[in-house]
Amino acid sequence: MTFFSPGKRLRQALQQEKPLQIVGCINAYVALMAQEAGFRALYLSGAGVANSCYGLPDLGLTSLDNVLQEVWRITSAVDLPLLVDADTGWGSELMIARTVRQMIKAGAAGIHIEDQVSDKRCGHRPGKGVVSRHEAVSRIRAAAEAKSDSDFVIMARTDAVAVEGLENALERAADMEKAGADMLFPEALVTLDQYAAFREAVTIPILANITEFGKTPLFTIEELRSVGVDIVLYPLSVNRAMNHAAEATLREIRDKGTQQGMLGAMQTRQRLYDVLDYHQQEQQLDKEKRSW
């Protein structure tokens, strides 16, 4: 049986589906459900880790080790390639190189590194700042040079459109490609024409971040395909839905003293067992006990 590294599997998925849909998974169980639903690749959001695992806002408050812990959990549960949000790389070029090496060891298929300043914020918030083009390119070069697996994906994210304007962002993206970026993530675009402009500026695959309640409209697959987008990311869609359901359930239990009214919105115990292959593993456990 031929073994393909996670990075290779991500590149293969990109060839199998145009555009490739990548869904954000905040934990291993959601990853299992995404795999069953037919997704070919998964994503771990830095904001998702900060919000859901640590109760923190997306303001650069989590560390490499915080994210790695979640990477290990997901890659241990599913075989789908996992793209990971590495924020600004968590430090200098040496730290960025360490980030790449650790992500490869943890089983990630790739990471994206952005050009925001170290005191970063959500890409769809006002007041963002970006580092110089030279520093942005240096981050990508450091990541590319640290790869022990040539198929591991280094995706360059640029937030420069909102800060410096489209033309400067296009030039920055082209320089990132030359520095070794395998894919491009232009953040917080607001029109299809902007995606088309990036398509003309670079030759590498382009990702569209279709996140809810942000600056980017919820463009369809067909619309994004028409302007040459290669990857469509839904980073926190499942997480937002889970949080909304949790709020409703908490209110129901607190206000009515029973969860009966929410049963129709819940995943059943049997469905949980199906996803986890619970019964087969339980039978294996019973078989082992009988052999004692």
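A cavity, in the sense used here, is a set of grid points where a 1.4 Å probe fits but cannot get out, and a residue belongs to its lining if one of its atoms lies within 4 Å of such a point. Keep in mind throughout the tour that the model on screen is predicted.

**First stop: the enclosed space**

Begin by selecting G24, C25, I26, Y43, L44, S45, P235, L236, V238, N239 and M242, the residues that line the largest cavity. A search of the whole structure, with a threshold of 30 Å³ or more, returns 1 cavity, and the space inside the largest cavity comes to about 50 Å³. Now colour the model by secondary structure and look at strand 2 (41-44) and helix 11 (237-256), each of which contributes at least two residues to this lining. Helix 11 has the largest share, with 3 residues. If you then recolour the selection by residue class, you should find 8 nonpolar and 3 polar residues, with no charged residue in the lining of the largest cavity.

**Second stop: the largest pocket**

Keep helix 11 in view and turn to the largest pocket, which holds about 430 Å³ of space. Its lining consists of 26 residues, and the ones to select are A47, C122, T211, L236 and R240, which are the closest to the centre of the pocket. Helix 3 (46-54) and helix 11 are the elements that give two or more residues to this lining, and helix 11 gives the most, with 3 residues. L236, selected here, is also one of the residues that line the largest cavity, and it can therefore serve as a landmark for both stops, given that a lining residue is defined by having an atom within 4 Å of a point. By class, the lining of the largest pocket divides into 7 nonpolar, 9 polar and 10 charged residues.

**Third stop: the second largest pocket**

Next, select T88, W90, G91, S118 and R139, which are the closest to the centre of the second largest pocket among the 14 residues that line it. The space in this pocket is about 190 Å³. Show helix 5 (93-105) and helix 6 (133-145) as ribbons, since each supplies at least two residues of the lining, and note that helix 6 gives the most, with 3 residues. The classes in this lining are 2 nonpolar, 7 polar and 5 charged residues.

**Fourth stop: T158 and its surroundings**

Leave the pockets and go to T158, which is found in strand 5 (residues 153-158). Is T158 buried or exposed? With a relative accessible area of 0%, T158 is buried, because the term applies under 20%. Display its side chain, and you will see that it reaches the backbone nitrogen of A160 at 3.2 Å. Residues up to four places away in sequence aside, T158 touches D115, R172, M176, F185, P186, E187 and F198.

**Last stop: F198**

From T158, follow the contact to F198, which sits in helix 9 (residues 192-201). F198 likewise counts as buried, at 0% relative accessibility. Which residues does F198 contact, leaving aside its neighbours within four places in sequence? They are T158, V161, L166, A169, L170, A173, L184, P186, L189 and I206. P186 appears in this list and also among the residues that T158 touches, so that selecting T158, P186 and F198 together shows three residues linked by contacts, meaning heavy atoms within 4.5 Å. To finish, draw a distance from the C-alpha of F198 to that of V229, which is 31 residues apart in sequence and 9.2 Å apart in space.

Key: Residues numbered from 1 in each chain as written. Predicted model: local features only at pLDDT ≥ 70, side-chain atom pairs only at ≥ 80, totals over all residues. Heavy atoms only, no water. 1 Å grid on protein atoms, 1.4 Å probe; cavity = no way out; pocket = protein on both sides within 12 Å on 5 of 7 lines; lining within 4 Å. Points joined across faces, edges and corners; volume = space filled by probe spheres on them. Helix = DSSP H or I, 4+ residues; strand = E, 2+ residues; numbered from the N terminus. Nonpolar A, V, L, I, M, F, W, Y, C, P; charged D, E, K, R; others polar. Buried < 20%, exposed > 50% of the residue type's maximum accessible area, 1.4 Å probe, protein only. Polar contact = N/O pair within 3.5 Å; in protein donor to acceptor, adjacent residues only side chain to side chain.
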